[in-house]
Amino acid sequence: MNGVCPNCRTPGDVGVLCTERVCAKRKLHIIPEDALRGVRTPDELIGLKLGNYLLINLVGSGGFGRVYHALRLPLEMHVAVKILHEAPTPAAQLERRRLFAQEAKAMARLSHPNIVRLLDFGGHE
């Protein structure tokens, strides 16, 4: 699948690190070109690869975190990835992670056609 860097628009294969020096230093990867349509100011995490997940578009943001449209590579499966906001203190961050784990466990037990299926859960530094 062909795409572009979300920062410099250099063309390339989706999921591959951008070859431009500034973008490579920021660890930006090539994303599908159509993910950038209608986006005026791309989110700073677009183009980052977290494990097998390539963030391609911001879906929404709330008090707890942000949700991104992502591709699960190498299968190019469309998924949603939730990333927590940083908490003001280490203790508050631990509590957020505990609540996030609790939410993930609850989601894993659900099975309904109108509820997204939880595929994975974890952390990334």
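Reader: How many bridges join S4 to S5?
Author: S4 and S5 run antiparallel. Strands are DSSP runs of E, at least two residues, numbered from the N terminus, and two of them pair if DSSP finds at least two bridges between them. The number of bridges joining S4 to S5 is two.

This is a predicted model: local features need pLDDT of at least 70, side-chain atom pairs count only at pLDDT 80 or more, and totals for chains, interfaces and linings use all residues. Residues are numbered from 1 along each chain as its sequence is written, and side-chain values use heavy atoms, with hydrogens and water left out.

Reader: Which residue in S5 does Lys49 stand opposite?
Author: S4 covers 49-50. Opposite Lys49, in S5, stands Leu54.

Reader: Which strands are the edges of the open sheet?
Author: The sheet has four strands in the order S4-S5-S6-S7, with antiparallel pairing. Each edge strand pairs on one side only. The edges are S4 and S7.

Reader: Which residue in the hairpin of S6 and S7 takes a positive phi?
Author: S6 (residues 65-72) and S7 (residues 77-84) pair antiparallel over eight bridges. Four residues lie between the strands. The one with a phi near 55° is Glu76.

Reader: Which strand supplies the largest share of the largest nonpolar core?
Author: This core has 24 residues; Ile31, Leu55 and Val81 touch the most other members. A nonpolar core is a set of buried (under 20% relative accessible area, 1.4 Å probe, protein chains only) Ala, Val, Leu, Ile, Met, Phe, Trp, Tyr and Cys residues joined through side-chain atoms within 4.5 Å. S5 (53-61), S6 and S7 each supply at least two residues. The largest share, four residues, comes from S5.

Technical notes
Buried means under 20% relative accessible area, exposed over 50%, partly exposed in between (1.4 Å probe, protein chains only).
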